[in-house]
Amino acid sequence: MKPERDNITLIGSGLTGPLLAISLVQRGFGVQLHERRPDMRRVRISAGRSINLALSTRGIHALREAGVYDDIANILIPMRGRVMHSVSGQLTFMPYGKDETEFINSVSRAELNIALMNSAEKAGVIIHFNERCTGFDLRTGVVHLQNEETRTQSVANSNVVIGTDGASSAIRAEMLKLPRFNFSQQYLDYGYKELTIPSGPDGRHVFEMHALHIWPRGTFMLIALPNIDGTFGCILFLPFEGADISFEALDTEAKILSFFETQFPDALRLMPSLVENYFQNPTGAMVTIKCSPWHVNGKALLLGDAAHAIVPFFGQGMNCAFEDCTYFLELLDRQGSDWPLLFSAFEKSRKADTDAIADLAIENFIEMRDRVADPQFLFRKKVELELERKYPGRFVPKYAMVTFHRTPYAVAAQRGAVQDDMLGELCDSVERLEDIDWAKAEALVHQRLTSLPGV
Ligand SMILES: Cc1cc2nc3c(=O)[nH]c(=O)nc-3n(C[C@H](O)[C@H](O)[C@H](O)COP(=O)(O)OP(=O)(O)OC[C@H]3O[C@@H](n4cnc5c(N)ncnc54)[C@H](O)[C@@H]3O)c2cc1C
């Protein structure tokens, strides 16, 4: 007979909660999940419904480890590169990777969440919906809950609590009351709004479906990711405030239409419900959250966005949260469920990496909205791919280390910074691949990259 294992309460059945729950149940733990929202399989929830996320190697690895990747493979659309849309409608394709094996996947947040919850319930996880965590006793580990429909209060007792309750975590809010709890949150001055491009008359995608479309305009941008129903989920990123181009300034139908006509004319023609969507959908905020410790008294742990929310511009928030599961479960399997030791080891193994991806995500915001339209930037990308072809495993572009490899994020940031300097030196005043000083490139790769931790 299997020995009885501890009971675990998870708060938050977003993306990470169900995935972690599945793996814990597979290891013999009893798991109960409490989610403040209603069950989205039964009740239509509009917010976040049409948002698509980019799923890549780290996330896929974690899904495979839990044995659920096959359940979601059919809701993924491979995106092989970015298609840049200029104001005049000119399209430029830039591949994400070195060849066709390297691509990212568009997936609907809602569909993915549903698939994960279905798999979790199949595995034996109990999910309680409409149950908001309102408090947590840091000493006893008792969770206080309120039912969002009936307003009744209840408590959950278990051996440990894991907060997978996202960027505005209630479990973290309790930890904030502790002495010497480190916490920082940094909002961008930019907000985002979900918009939609419907499918064409034949139900097909109106743009190339195997790409992420981007309208980079210097200080703002529009992006579009394909959905399996032929639509594109779009996100408009604008400053919150400002007299000219901002969510604050674009406050009438006429201003919105004129703005789109000037900036995104090819998209405007395909967005019949633009104005309706614009006014109906909320404007979201984007925040970077860092905190420590992620755990308290061996009773509670934060994981995913609850521990480290990041801005979305590297397409890594969910991938990083899923990778948390990989690290956590590897330690659990290796050293067992001595919770205080495990929680502490988990944070130690992960904090430098989650700090690094938070910073890389901010950097990438500038790259996406501004630099992807710059010919010199596009040339540097070509040189990067050529260097990777010449020195495989030694020169790997930063984007690839983050997206297509499981190189620890902190190592990707370190190697990436060195490589950026090298590219600066090699590409300065050069416009053609054949004019690059390849002998110097070889020397730089050897001198500067061989001593760094590997990819
Ligand atoms: C615009 C945008 C685009 C993004 N694009 C990408 C992308 O392309 N790729 C990528 O990898 N990541 C992306 N992300 C990031 C990604 O969405 C998050 O990193 C991911 O959702 C984190 O998962 P999580 O499970 O930690 O939190 P969430 O998915 O936010 O789940 C938290 C859950 O907890 C519940 N909850 C909250 N408070 C309570 C409470 N008090 N009691 C009970 N339940 C509670 C919430 O209702 C929710 O269901 C994007 C984010 C945004 C905003």
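**Tyr190 and strand 16.** I looked up the bridge partner of tyrosine 190 in strand 16 and found proline 239. The model is predicted, so I read every value here as computed from that model. Strand 13, residues 182–197, runs antiparallel to strand 16. I noted eight bridges joining the two.

**Strand 15.** Next I checked the pairing of strand 16 with strand 15, residues 221–226. That pair is antiparallel as well, over six bridges. Which residue of strand 16 does isoleucine 223 stand opposite? I found isoleucine 235 there.

**The hairpin turn.** I then followed the chain from strand 15 into strand 16. The two strands form a hairpin, with five residues between them. In the turn I stopped at glycine 230. Its phi is positive, about 95°.

**Cover on strand 16.** Is strand 16, residues 232–239, mostly covered or mostly open? It is mostly covered; I have eight of its eight residues down as buried. I split the strand by face to see how the cover is arranged. On one side sit Phe232, Cys234, Leu236 and Leu238. On the other sit Gly233, Ile235, Phe237 and Pro239. Both faces are covered. Two names recur from my pairing notes: Pro239, the partner of tyrosine 190, and Ile235, opposite isoleucine 223.

**Helix 2.** I turned to helix 2, residues 57–65. Its buried residues include Arg58, Gly59 and Ile60. Ala62 and Leu63 are buried too. After the helix comes glycine 67, and I noted a positive phi for it, near 75°.

**Whole chain.** I counted up the secondary structure: 15 helices and 19 strands. Of the 455 residues, 55% count as buried. The C-alpha atoms fill a box of roughly 65 × 55 × 40 Å along the principal axes. Why do I call the radius of gyration consistent with a compact globule? Because a compact globule of 455 residues would have a value near 23 Å, and the chain has 23 Å.

**Contacts and surface.** I looked at contacts with a separation of 6 or more. Residues 24 or more positions apart account for 69% of them. The accessible surface comes to about 19800 Å². Carbon and sulfur atoms hold 50% of that surface.

**Charges.** Last, I tallied the charged side chains: 47 positive and 57 negative. The centres of the two sets lie 3 Å apart.

Definitions and conventions
Residues are numbered from 1 along each chain as its sequence is written. This is a predicted model: local features need pLDDT of at least 70, side-chain atom pairs count only at pLDDT 80 or more; totals for chains, interfaces and linings use all residues. Side-chain values use heavy atoms; hydrogens and water are left out. Buried means under 20% relative accessible area, exposed over 50%, partly exposed in between (1.4 Å probe, protein chains only). Helices (H or I, at least four residues) and strands (E, at least two) are DSSP runs, numbered from the N terminus. Two strands pair if DSSP finds at least two bridges between them. The radius of gyration is taken over C-alpha atoms; the globule rule is 2.2 Å times the number of residues to the power 0.38. Contact means heavy atoms within 4.5 Å. Accessible areas come from the Shrake-Rupley method with a 1.4 Å probe; for residues, only the protein chains shown count as cover. Lys and Arg count as positive and Asp and Glu as negative; His and the chain ends are not counted. The place of a charge is taken as NZ of Lys, CZ of Arg, CG of Asp or CD of Glu.
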